[in-house]
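Student: I have a structure open on my screen. Can you show me how to read its contacts?

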Amino acid sequence: MADSVRDEFPPHGVDLLNPSPARVYDFLLGGDYCYETDRRFGEQALRVFPKLRAVARANRLFLHRVVRYLLRRGVRQFVDIGAGLPTMGHTHQVADVFAPGESQVVYVDHEPVTVAHSRVLLDRDGDEKRHAAVHADLRDPDRLWQQVAATGVVDLDRPVAVLLIAVLHLRQLDSRGVDVGPRAVARYRELCRPGSYLAISHLTDEGVPIRAKLAAFAELAAVWRSKQEVEALFGDFELVEPGVTWTASWHPEETVRDAGFAVPGESAMWAGVGRKV
Amino acid sequence: MPEWFQRYTGDEPHANEVRAWHSERIPAWLEAEPYTFAMFAPESADEIADHLRLREERRVLFSSSSPPRYHVVFSESSFWRSPGGPGVAVDQIRHLLGLAAEHDWLHVRVIPFEVSMRYSAPDFTLMSMGDTDYVYVEHLNGALYLDKPEDRHAYEEYWKDVVRLALTEAGSREFLERLVRELRDRMSR
Ligand SMILES: C[S@@+](CC[C@H](N)C(=O)[O-])C[C@H]1O[C@@H](n2cnc3c(N)ncnc32)[C@H](O)[C@@H]1O
């Protein structure tokens, strides 16, 4: 991607030369939205860290459990930021299985092909009154919030669940090269009403030496945060049980029978849900 | 969709048999997603979504309960002349191999570069409807529907050459799999 394009918030156009995080993740989940560049990148990464498929899967299943958990707690509005491609069950599909017709979901991504695929999927099995896909960038929280409000699908004056699943570990650089991820999250915490929830998952190398193994992959542009740093992302939100833990260990009773990890730390991602009081 | 294309797309699902020769390109209904994007370079999420929707429309045959027997012969050139470079060509070939493996009515064959041809004709499609047969020939700004017997005869004769020179289906599959490996090697270098 040319630097001028990288500076655009959000970027436009289709980048066919570089692997895209959304499509590499799709490759790891066994989806078919990925291109040759993504497959190559994914295959190389798998050679040095074969558990990566299980990592991606554990993360996606964490997302599914979060959605059901929040529905059980009465949440009906979801803002899914960095939503990615609709592989292995998209948020609105998981929600509609659990509570048919009850929830509203706005998907947000800054990668336009990803947004387009979400829209095409919504043409088929969405409800335009309850679902939308927005092309916006998380690094610009106020504008993103406006764009989400403009869909008319969610009412931002009422509590919402803000999902930031597997996105904040992708370096969120501003035009000066500063990672503004944490600052953006702080702004989302301010923007949402009390009673709102924030769900986060985030790559780390505290469980296994994944960072060292993937060090050669500059394109990965990952930030490896510690448990403490991930907890800090929740600010003054109250963490729900069991706090920040491994994706595979967060309410595992539902889906994680055998995640394929010898120890939960192999899931290489911290995960948690907090509530604004 | 341009008007001159409509009769063709309307007829396609009802045809008994379709035979197509492509010397330099991949027809829309067989395009891989990145191939389409490389060709049209859509910018906004809206434009991209429109291309995806149009792409679905062009792919109706794959969900038809009675698709025509479909024979497509490509010149090797169609794969090298890919918009977007070798990565997109690899995607395109894999996509095509996947479709041919999945749909037994779709027959894909290739004429490699090393096969000498008397003359490489521009792309055409022989449409056999049972009652009205015609040859569909696209040009840059429209298309011809040739239904005069002498025109059809000329194309039928040319088609005989095409199928005589093409690798078998199995041979074409192996050829394309080799081409994927070769393109991937080039990308690693
Ligand atoms: C690894 S995928 C995660 C998909 C999904 N949330 C999940 O966890 O299953 C990360 C997604 O975040 C998107 N993303 C990265 N940076 C972003 C930004 N600044 N604004 C919006 N989306 C972003 C990428 O395009 C990609 O689709």
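Tutor: We take the ligand, then the interface between the chains. Keep in mind that this model is predicted.

Student: Which residues come nearest to the ligand?

Tutor: Begin with the shell of residues around it. Here 19 residues surround the ligand. A:Tyr25, A:Arg60, A:Gly82, A:Asp109 and A:Gln172 come nearest.

Student: How do the residues of that shell divide into nonpolar, polar and charged?

Tutor: Sort the shell by residue type. It holds 9 nonpolar, 5 polar and 5 charged residues.

Student: Which helices of chain A each supply at least two residues of the shell?

Tutor: Trace the shell back to the helices. Helix H2 (21-28) and helix H4 (52-72) of chain A each give at least two residues.

Student: Now the polar contacts. What lies 2.7 Å from an oxygen atom of the ligand?

Tutor: Look for N or O atoms within 3.5 Å of each other. In this case, a polar side-chain atom of A:Arg60 is 2.7 Å from a ligand oxygen. The side chain of A:Asp109 has an N or O atom 2.6 Å from an oxygen atom of the ligand. The backbone can take part too. A polar backbone atom of A:Ile165 lies 2.9 Å from a nitrogen atom of the ligand.

Student: How much of the ligand's exposed area does the protein bury?

Tutor: Compare the ligand taken alone with the ligand in place. Alone, the ligand exposes 600 Å². The protein buries 97% of that.

Student: On to the interface. How many residues does each chain bring to the contact?

Tutor: Count each side separately. Chain B gives 22 residues and chain A gives 19 residues. The area buried between the two chains is about 1,800 Å². Carbon and sulfur atoms give 58% of that area.

Student: Which three residues of chain B supply more of its buried area than any other three?

Tutor: B:Ala45, B:Arg53 and B:Arg184 do. They supply 26% of the area that chain B buries against chain A.

Student: How many salt bridges are there between chain B and chain A?

Tutor: Look for oppositely charged side chains across the interface. The count is 5 salt bridges. One of them joins B:Asp46 and A:Arg119, at 2.6 Å from N to O. Polar contacts across the interface link 9 residue pairs.

Student: Where does the largest share of chain B's side come from?

Tutor: Go back to the helices. H3(B) supplies the largest share, 6 residues. By type, chain B's side divides into 11 nonpolar, 4 polar and 7 charged residues.

Note on methods
Residues numbered from 1 in each chain as written. Chains lettered and ligands numbered in written order. Predicted model: local features only at pLDDT ≥ 70, side-chain atom pairs only at ≥ 80, totals over all residues. Heavy atoms only, no water. Near = heavy atom within 4 Å. Polar contact = N/O pair within 3.5 Å; in protein donor to acceptor, adjacent residues only side chain to side chain. Areas by Shrake-Rupley, 256 points an atom, 1.4 Å probe, with all protein chains shown as cover. Helix = DSSP H or I, 4+ residues; strand = E, 2+ residues; numbered from the N terminus. Nonpolar A, V, L, I, M, F, W, Y, C, P; charged D, E, K, R; others polar. Contact = heavy atoms within 4.5 Å. Buried area = accessible area lost by both parts, 1.4 Å probe. Salt bridge = Lys/Arg side-chain N within 4 Å of Asp/Glu carboxyl O.
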